[in-house]
Amino acid sequence: MHAVRTLRQRLPALSPAEAIEYVSALLDGDAPARLVAVAAKELVEPLNPVLAVETILSREE
């Protein structure tokens, strides 16, 4: 229940029933795609494209 409460605090768009369904499904390893999409949209920070750039430069001295 702690996970459900924490999820509801961070993601109030989910109803209590959806939060319970999501946490239970995560424990079983098969979360519904619709709930994963909502959680990912709200909980995952967007990637800053500038910070994602990797430069490969070989400098011979």
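The exercises below work through the helices, core and selected residues of a predicted model.

Residues are numbered from 1 along each chain as its sequence is written, and side-chain values use heavy atoms, with hydrogens and water left out. In this predicted model, local features need pLDDT of at least 70 and side-chain atom pairs count only at pLDDT 80 or more, while totals for chains, interfaces and linings use all residues.

**Exercise 1. The core**

Find the residues of the largest nonpolar core and state which helices supply them.

Step 1. A nonpolar core is a set of buried Ala, Val, Leu, Ile, Met, Phe, Trp, Tyr and Cys residues joined through side-chain atoms within 4.5 Å. Buried means under 20% relative accessible area, exposed over 50%, and partly exposed in between (1.4 Å probe, protein chains only).

Step 2. The largest such core has 9 residues: Val-4, Leu-7, Leu-11, Leu-14, Ala-19, Tyr-22, Val-23, Leu-35 and Ala-39.

Step 3. At least two residues of this core come from each of helix 1 (2-10), helix 2 (16-28) and helix 3 (33-43). Helices here are DSSP runs (H or I, at least four residues), numbered from the N terminus.

Step 4. Helix 2 gives the largest share, 3 residues.

**Exercise 2. The two sides of helix 2**

Determine which residues of helix 2 are buried and how they are placed around its axis.

Step 1. Helix 2 has 13 residues and reaches 18 Å from first to last C-alpha, close to the expected 18 Å. The expected span is 1.5 Å times one less than the number of residues.

Step 2. Ala-19, Tyr-22, Val-23 and Ala-25 of helix 2 are buried. They lie on the same side of helix 2 because they cover an arc of only 160 degrees around the axis, the arc being that of the directions from the helix axis to the C-beta atoms.

Step 3. Ala-17, Leu-27 and Asp-28, on the other side of helix 2, are exposed.

Step 4. The cover over the buried residues of helix 2 includes helix 1 and helix 3.

**Exercise 3. Helix 2 against helix 3**

Classify the packing of helix 2 and helix 3 from their angle.

Step 1. The two helices pack at about 100 degrees, with axes 10 Å apart. Axes are lines fitted to C-alpha atoms, for helices over the stretch in contact, and angles run from 0 to 180 degrees between N-to-C directions.

Step 2. The angle of about 100 degrees makes helix 2 roughly perpendicular to helix 3, a class that covers 65 to 115 degrees.

Step 3. Glu-18, Glu-21 and Tyr-22 of helix 2 make the contact (heavy atoms within 4.5 Å) with Arg-34, Leu-35, Val-36 and Ala-39 of helix 3.

**Exercise 4. Arg-8**

Decide whether Arg-8 is buried, partly exposed or exposed, and list what Arg-8 touches.

Step 1. Arg-8 is in helix 1. Its relative accessibility is 28%, so Arg-8 counts as partly exposed.

Step 2. Not counting residues up to four places away in sequence, Arg-8 touches Leu-14, Ser-15, Pro-16 and Ala-19.

Definitions and conventions:
Parallel < 35°, antiparallel > 145°, perpendicular 65-115°, else oblique.
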